[in-house]
Amino acid sequence: MNTSTNTQTNAQKPKILVARAIFPEALAKLEESFEVRSNQADQILTPEELKKELAGVVGALVTGSERIDAQALAQAKDLKIVANISVGYNNFDVPAITTAGVMATNTPDVLTDTTADFGFALLMATARRITESEHWIRAGKWDKWSIVNNPLGMDLHGSTLGIIGMGRIGQGVAKRALGFGMKVIYHNRSRLSEADEKACAASYVSKEELLRTADHVVLVLPYSAQSHHTIGEKELALMKPTATLINIARGGIVDDLALAKALREKTIFAAGLDVFEGEPSVNPELLKLSNVVLAPHIASATEKTRRAMVDLAIDNLRAALGGKKPPSLINAEVFKAE
Ligand code: DGY
């Protein structure tokens, strides 16, 4: 960890933690107002290290890799805000953060379109076997054009797309599907308003009906104890043998071992995964298969969007430390206007 060096002026500055590497210009800007403990080496902190680093700071910028719970906060007596650089916040124990009187924020909206674009890219790569085809060429296996002996995929146009989790990103995926002439069905904890359903031309169905009828299933729901293994052996068995499954939500929403079995036994056609149980480790059973497209949790990873995520997290942090309500405050009950 590095501490910003201008110690003379640092004496008057509030201390903050930047738990992972961020863009250097953003860090430099923060150092104008704060004494910054930064981690440009980008090594993931152990829970013990995180606890130590949070002690004595008034704000922290963190990511999904840092678990913020009662243990992490045990010595963080001065902490006012923990700002996630991520829309998902399953790394936050929100009740524990709230009990500690700390504001918790995330980065919604700024990544919606980038993530929906990626969901579609992963869907296309998976259904049309693009990465598998590339490996095939690189392995020198392409010796002729062939009607039947080339990687034959599944169409998107004219097919039914099933989206589980119809928040902002799910709706973004649905709107993209309209341009591909797909029929969109969805399942969500609560049904969308009539106007929102109309905007996405999406029909609400039960999870079972969605799994039985969709040609392509895209998962975009938040991770929680309730959504753990939303897709397991039973759910995979409901899917068509021609269906694809795309996970751009969180590892743990899919039972990766059960998925590997379904892919191996071809009870579903293919899967595209941006997130994994226990990532960055990937279940070795998945690594053996050619009918799965793997990506290293990059759905929001464009230069512009990652900068926007960092900027929004910093806006949240500055607002909280300046006595203002952060733009994307999760636990509003902690905020007390000054
Ligand atoms: C998000 O913002 O939730 C992305 O998945 C990155 O963690």
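Begin by selecting Pro280, which sits in the loop that connects β12 (270–273) with α13 (284–287). The model in the viewer is a predicted one. Display the backbone between Glu279 and Pro280: the peptide bond joining them is cis, and its omega is near 15°.

Next, move to Arg129. This residue belongs to the loop between α6 (112–127) and α7 (130–138). Arg129 is not a glycine, yet its phi is positive, near 55°. As background to these two stops, most residues other than glycine have a negative phi, and most peptide bonds are trans.

**The sheet of seven strands**

Now colour the strands β7 to β13. How are the seven strands of this open sheet ordered? Reading across, the order is β9-β8-β7-β10-β11-β12-β13, and the pairing is parallel. Select residues 202–204 for β9 and residues 292–294 for β13; these strands stand at the edges, and each has a single partner strand, so one side of each has no neighbour in the sheet. Passing from one strand to the next, the twist averages 20°.

Within this sheet, select residues 160–164, which form β7, together with residues 183–187, which form β8. The two strands run parallel and are joined by five bridges. To see one position in detail, show Thr160 and look across to Lys183 in β8, which stands opposite.

**The sheet of six strands**

Turn to the second open sheet, built from six strands in the order β1-β3-β2-β4-β5-β6. Its pairing is mixed. Which strands stand at the edges here? They are β1 (2–3) and β6 (103–105); each is paired with a single strand, so one side of each is left without a neighbour in the sheet.

Select residues 15–18 for β2 and residues 59–62 for β4. These strands run parallel, and three bridges join them. At Val18, the bridge partner in β4 is Leu61.

**The ligand**

Centre the view on the ligand and show the residues around it: Ser86, Val87, Gly88, Leu111, Arg250, His297 and Met309. By class, this shell contains three nonpolar, three polar and one charged residues.

Which parts of Val87, Arg250 and His297 approach oxygen atoms of the ligand? For Val87, a polar backbone atom is 2.7 Å from a ligand oxygen. For Arg250, a polar side-chain atom lies 2.8 Å from an oxygen atom of the ligand. For His297, a polar side-chain atom lies 2.7 Å from a ligand oxygen. On its own the ligand has 230 Å² of accessible area, and the protein covers 83% of it.

**The annotated spans**

Finally, select residues 16–331. In an unreviewed entry, UniProt lists this span as "domain: D-isomer specific 2-hydroxyacid dehydrogenase catalytic". Its end C-alpha atoms lie 20 Å apart, and the span is 37% helix and 15% strand.

Then select residues 120–299, for which the UniProt annotation, also from an unreviewed entry, reads "domain: D-isomer specific 2-hydroxyacid dehydrogenase NAD-binding". The end C-alpha atoms of residues 120–299 lie 10 Å apart, and this span is 34% helix and 16% strand.

Terms used. Residues are numbered from 1 along each chain as its sequence is written. This is a predicted model: local features need pLDDT of at least 70, side-chain atom pairs count only at pLDDT 80 or more; totals for chains, interfaces and linings use all residues. Side-chain values use heavy atoms; hydrogens and water are left out. A residue is near a molecule or strand if one of its heavy atoms lies within 4 Å of it. A polar contact is a pair of N or O atoms within 3.5 Å; within protein, one must be able to donate a hydrogen and the other to accept it, and residues adjacent in sequence count only if both atoms are side-chain atoms. Accessible areas come from the Shrake-Rupley method with a 1.4 Å probe; for residues, only the protein chains shown count as cover. Ala, Val, Leu, Ile, Met, Phe, Trp, Tyr, Cys and Pro count as nonpolar, Asp, Glu, Lys and Arg as charged, and the others, Gly among them, as polar. UniProt positions are given in the numbering used here, feature names are shortened, and annotations may be inferred rather than shown by experiment. Helices (H or I, at least four residues) and strands (E, at least two) are DSSP runs, numbered from the N terminus. Two strands pair if DSSP finds at least two bridges between them. Axes are lines fitted to C-alpha atoms, for helices over the stretch in contact, and angles run from 0 to 180 degrees between N-to-C directions.
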